[in-house]
Every structure is written in C-alpha cells, then in structure tokens.
Amino acid sequence: MKTGTVDHKRVVFNFSKRLYENFISKREGLRELLKPMNTPLLILDTKGIKERYREAKKHFNEFNIFYAVKANDHPTILKALSEEGAGFEVASSAELEKVFEYCKEPARIISSNPIKPMDFIALSYQKGIDLFAVDSFTEVEKIADLAPRSRIYVRLSVPNEGSDWPLSGKFGVDPETAVEILEYGRSKGLIPYGITFHVGSQCNNLRNWFIAIKLSSEAWNRTRHKGIRLKLLNIGGGIPVTYLYNALSIEDIAYYVKGLLRKYMIEQPAELHMEPGRGLVGDQGVLITRVIGKAVREGTRWIYIDTGVFNGLAESLGGIRYPFYLDRDGELYEWTVGGISCDSMDIIARNVPLPEPEIGDYLYIMSAGAYTTVYASNFNGFPAPQILSL
Ligand SMILES: *Cc1c(COP(=O)(O)O)cnc(C)c1O
C-alpha cells in the first residue's frame, strides 16, 4: 500500500481524524463529553440518526423504511425513528416488546428473519402483525399454524460478494423454490405477498443489488405464471457506512436500485420495503475507550484498551475495520490493538497507525453505532459499554 513518498500511516490516521472531527463538530457541547470518567462509553447522535433516516426517505422516496432493530435496539433510537415515522424490522419477542413501547401500529412492524421462534410468531400475531418472511416449507407450516391468513414474502438467496459482513448461505432459496414455497403457503391459507433478499451487510458492491433484482424479477414472473399476483418487493438491508474507506452513499444506491427496478421488473411492485440497520445508525456513534496497557512483542507494538471483541467489538473479528483516533501529535507507529479480556482471540485490529499513547489516554473508535453494544457480553467480568444518547 506504500506508494512513493505518501506516508500510508499518515493517510489512514488523517482519515480517521477527519471522521472524528466531523462527528464532534456536528453537535454543540459534544467536545466536553469526550473525556468521560467511565469508559467504555458509546456516544450516539440521535439527531444524526434522524438525519440519516430523512436522507434515506428522500432518495428511496417510493419505499417504506423499516429500521432493522438488531443493529442497535437502544430506546432513544427507537423513539427517534418512531417520531420520524419509520417502521421496524424485528426478529424476537424482546425486540417486538421494545419497539411496541414507541410504535403500536402493527402495519409499521415486519419480521424478515425467515426462521422465527414460535413464541415470537404467536406474539406478533397477537399484536396484529401479519407480514412474515419465509424461505422453507416448514416455516410456512409454522406461520399457517400460529399466524393464520397472514401475508408471506419469500427470501431469495443472492450473492454477498463485496459485503464486509456477508449473510448469504444461511438463508434464502432460488426463484424456482421461492414460487413453490409461495404456492404451498397459498394452499395453507396464507397470502403469497412478495419477495425479499439481503445483499449482505456493509455492502459496497452495487452488482449485488443488480443480481438480486434480476433474481427477484425472475421469481416475480414465475409466480405470475402460476396465477399469483405479488404486491411487495423488500430489498432488505446492506447500506454501508464509512469505516476505513468511503462507502457508497444512500443516494448512489437509491439511484441505482430505482433504475434497476424500472428496467427489470415487469410491473412496478405496489409496495416497496427496505430494512436498513447499519446504514442508519453505524456512523452516528463513537465508542470512547481508554488505553490500559502497552507492550512490544516480537517487534510488534501492542496497545490494550478497556473494551474488546466480547464487549462490543465483535465485528472486528469478521471483517469490519474501525477507524481509530487518539488525540496526540507526533510520529505514527503501527499498533496491534488488544482487547481487555484474557482471551487470545480478543484482538480488535492490527496495523493501526497511531501516535504513541500514554496509559490512560482516550482512544476513539469511530462508526461504532451499529452492531457493537448489542453484541456485548460481560465475559471475564468486563462491562458492556455504557450508552450516552444525545
Ligand atoms: C440484519 C438484517 C437487516 C439489516 O441489515 P444491515 O446490513 O444492517 O442494513 C435487514 N434485514 C434482515 C432480514 C436482517 O437480518
């Protein structure tokens, strides 16, 4: 990555520093909160989350937006998005109960996990929710049994290449099977309603939407030939945020997806849904941690911080590369960042360019709003980050 006289470490550090400065300059009074007594602390900008939602609403104007609650179920986020009129995508009874605190309209709640626990289906039905994703014949039977006469939409399996957090392989079927599942649903008294897919989380590859929409169109047409008129296309999540590279913007994706729909769908779906999680909240949070140790091991510089992969940074194990910032000047070195627990798997990042810290320094982890605190356990007795929501 080193080219000519460009100092790669400086480029990466400055990129992270810019994200940090942009984030803190957005909100009055934020600067005073950046050296908290207790760390780790996740600061969430709910105003920023509302702005991201409005941006999505503006560009995906024909879509109903359902926030994927698993990205971050903090009550202030649910409240802020509910005030904006967003819908919610939930997968468990606990998520459903949480959402219901702020949004009691069943039409604004959907469940796109194609394999759902029975208690959750029953509770959803009881609350008036009647729209469920499926991708197997047994799920159709479960829904027919626990939520009779509901509407179902089938999850297609689509490529997840170029997504930093792929979700393919576990869910989804091909268009042919999708039609069989919808027909089976009809025979069980359910309403075959639509098609869905997920291009993979943190998807920075437009081609995934291209293939997904072509496959959706194929499934749509096949269903039509069987005399079933579908109404809904749900394009799932996948909108990326900026970590160590500039991600596709909501506008880029909207422009492209809307063009694909016009080109490839034989008829425009009566209802269009999307379910962004990361894309609405990911870059609206900064995780404040502190350096608790330093070492040099076999020529590699290490710092250890007071959180780790078991306390909120699980995604660093699977390909998410967070921007790190430390407020000091001076020469940059590459550091391996170790987590707080005794587990040797608890390594957050390698080759992170930072100035030499002192013990107790604050280390800022940018774009930490999604899939962090929701993953955190108390492994080894270390706490999950506290959340401060502005
Ligand atoms: C996780 C998930 C989402 C949200 O994905 P993001 O990549 O965070 O946008 C949307 N739909 C379903 C079914 C999911 O499981």
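**A bound ligand and two one-sided helices**

In this predicted model, a backbone N or O atom of Arg278 sits 2.9 Å from an oxygen atom of the ligand. On its own the ligand would expose 390 Å², and the protein buries 93% of that. Away from the ligand, this briefing walks you through helix 1 (residues 8–26) and helix 7 (residues 175–187).

**Around the ligand**

- How many residues surround the ligand? There are 13, and the closest are Lys70, Ser201, Glu275, Arg278 and Tyr371.
- Lys70 places a polar side-chain atom 2.8 Å from a ligand oxygen atom.
- Tyr371 also uses a polar side-chain atom, which lies 2.6 Å from an oxygen atom of the ligand.
- Arg278, by contrast, makes its 2.9 Å approach to a ligand oxygen through a backbone N or O atom.

**Helix 1**

- Helix 1 has 19 residues, and at 1.5 Å a residue these should span 27 Å; the end C-alpha atoms are 28 Å apart, so the two figures agree.
- Its buried residues are Val12, Phe13, Phe15, Ser16, Leu19, Tyr20, Phe23 and Ile24.
- Because these buried residues cover an arc of only 160 degrees around the axis, they lie on the same side of helix 1.
- Here is the background to that pattern: an α-helix has 3.6 residues a turn, so residues three or four places apart point the same way.
- What covers the buried residues of helix 1? The cover includes strand 1 (41–44), strand 12 (285–297), strand 14 (324–325), strand 15 (332–338), strand 16 (347–355) and strand 17 (362–365).
- At the N-terminal end, Asp7 acts as the cap of helix 1, with a side-chain oxygen 3.0 Å from the backbone nitrogen of Lys9.

**Helix 7**

- The 13 residues of helix 7 reach 19 Å from first C-alpha to last, close to the 18 Å expected at 1.5 Å a residue.
- Pro175, Ala178, Val179, Ile181, Leu182 and Gly185 are the buried residues of helix 7.
- These residues share the same side of helix 7, because their arc around the axis is only 160 degrees.
- Among the elements covering them are strand 5 (131–134), helix 6 (137–146), strand 6 (151–155), strand 8 (191–196) and helix 8 (206–225).
- Where helix 7 starts, Asp174 brings a side-chain oxygen to within 3.1 Å of the backbone nitrogen of Glu176.
- Just after helix 7 comes Gly189, with a positive phi of about 85 degrees.

Note on methods. Residues numbered from 1 in each chain as written. Predicted model: local features only at pLDDT ≥ 70, side-chain atom pairs only at ≥ 80, totals over all residues. Heavy atoms only, no water. Helix = DSSP H or I, 4+ residues; strand = E, 2+ residues; numbered from the N terminus. Expected span 1.5 Å × (residues − 1). Buried < 20%, exposed > 50% of the residue type's maximum accessible area, 1.4 Å probe, protein only. Arc of directions from axis to C-beta. Contact = heavy atoms within 4.5 Å. Polar contact = N/O pair within 3.5 Å; in protein donor to acceptor, adjacent residues only side chain to side chain. Near = heavy atom within 4 Å. Areas by Shrake-Rupley, 256 points an atom, 1.4 Å probe, with all protein chains shown as cover.
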